[in-house]
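Work through the exercises below with the sequence and the model side by side. Try each task before reading its solution.

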Amino acid sequence: SDPANRIYPDSNVTAVDPVDPTMVYISIRSGIGVSFDNGKTLYDINNGMTALNVTDSVMTFSTASGWLVTDSGIRRGTGLSSDSHLWLTYFPNSMLSKYNSLAVFRNSSGKETVFIGADKLYRTDDNGATWDVIFDISDYPALQPGSYVSGIGISPIDGKTAIIGIN
């Protein structure tokens, strides 16, 4: 028989911690989970988050914070390497779009610039307090209706040049 509190991974996102390769972040049925033993045991780290579909994720090198793209907003997690972790939800420019992709650039001092793909490409330099639209699919009528930013690549040199894939 299956224990009632068992956590099940789903097939969306898995990320290995860049500092501690035994630490794995895994998309689970109820949101996001973490394993400290190469995925053998999963723990739910959804404090402040409800069930959602995770489509992309980036964790910081310190494992203290991370970003998730979900079908119900952008999530920024803080304190992930402690018991007091918290997830905050963002809707760039109050848009209730379906968000699809994510990229994070960290400069040499550790400041993050976050890019989010939807029917627009959004950017924040202040942990989600404000969002700039740097590309809008509606400005390009030759693109198919319903197109969206499905992939984002950021220049490792300055973090200002984005190469995007459009679906």
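**Exercise 1. In which order do the four strands of the open sheet lie, and is their pairing parallel or antiparallel?**

Solution. Start with the ground rules. This is a predicted model, in which local features need pLDDT of at least 70, side-chain atom pairs count only at pLDDT 80 or more, and totals for chains, interfaces and linings use all residues. Residues are numbered from 1 along each chain as its sequence is written, and side-chain values use heavy atoms, with hydrogens and water left out.

Step 1. Read off the order: 5-6-7-8. The pairing is antiparallel. Strands are DSSP runs of E with at least two residues, numbered from the N terminus. Two strands pair if DSSP finds at least two bridges between them.

Step 2. Find the edges. Strand 5 (54–59) and strand 8 (86–90) each pair on one side only.

Step 3. Add the twist. On average, neighbouring strands of this sheet are turned by 20 degrees against each other, direction ignored. Axes here are lines fitted to C-alpha atoms, and angles run from 0 to 180 degrees between N-to-C directions.

**Exercise 2. How many bridges join strand 5 to strand 6? Which residue is the bridge partner of Asp-56?**

Solution. Step 1. Strand 6 covers residues 65–70. Five bridges join strand 5 to strand 6, and the two run antiparallel.

Step 2. Pick one bridge. Asp-56 has Val-69 in strand 6 as its partner.

Step 3. Recall the chemistry. Strands of a sheet pair through backbone hydrogen bonds, either parallel or antiparallel.

**Exercise 3. Describe the chain as a whole.**

Solution. Step 1. Count the elements. The chain has 14 strands and zero helices (a helix is a DSSP run of H or I with at least four residues).

Step 2. Check burial. Of the 167 residues, 43% are buried. Buried means under 20% relative accessible area, exposed over 50%, and partly exposed in between, with a 1.4 Å probe and protein chains only.

Step 3. Take the surface. The accessible area is about 8,800 Å², and carbon and sulfur atoms hold 52% of it. The method is Shrake-Rupley with a 1.4 Å probe.

Step 4. Look at sequence range. Take the contacts (heavy atoms within 4.5 Å) between residues at least 6 apart in sequence: 33% join residues at least 24 apart.

**Exercise 4. How many salt bridges does the structure hold? Which residues are linked in a network?**

Solution. Step 1. Apply the criterion: a side-chain nitrogen of Lys or Arg within 4 Å of a carboxyl oxygen of Asp or Glu. The structure holds three such salt bridges.

Step 2. Take Glu-112 and Arg-106. Their side chains meet at 3.3 Å, N to O. Glu-112 is buried at 9% relative accessibility. Arg-106 is partly exposed at 22%.

Step 3. Move to Lys-120. Its side chain meets that of Asp-119 at 3.7 Å, N to O. Asp-119 is partly exposed, at 29%, while Lys-120 is buried, at 15%.

Step 4. Add Asp-136. A salt bridge of 3.8 Å, N to O, joins Asp-136 to Lys-120. Asp-136 lies in strand 12 (residues 132–136) and Lys-120 in strand 11 (residues 120–124), so this pair ties together parts 16 residues apart in sequence. Both residues, Asp-136 and Lys-120, are buried.

Step 5. Assemble the network: Asp-119, Lys-120 and Asp-136.

**Exercise 5. Where is Phe-91 found?**

Solution. Step 1. Phe-91 is in the loop between strand 8 and strand 9 (101–106).

Step 2. Phe-91 is partly exposed, at 38% relative accessibility.

Step 3. The C-alpha atoms of Phe-91 and Trp-131 are separated by 9.1 Å, with their positions 40 residues apart along the chain.
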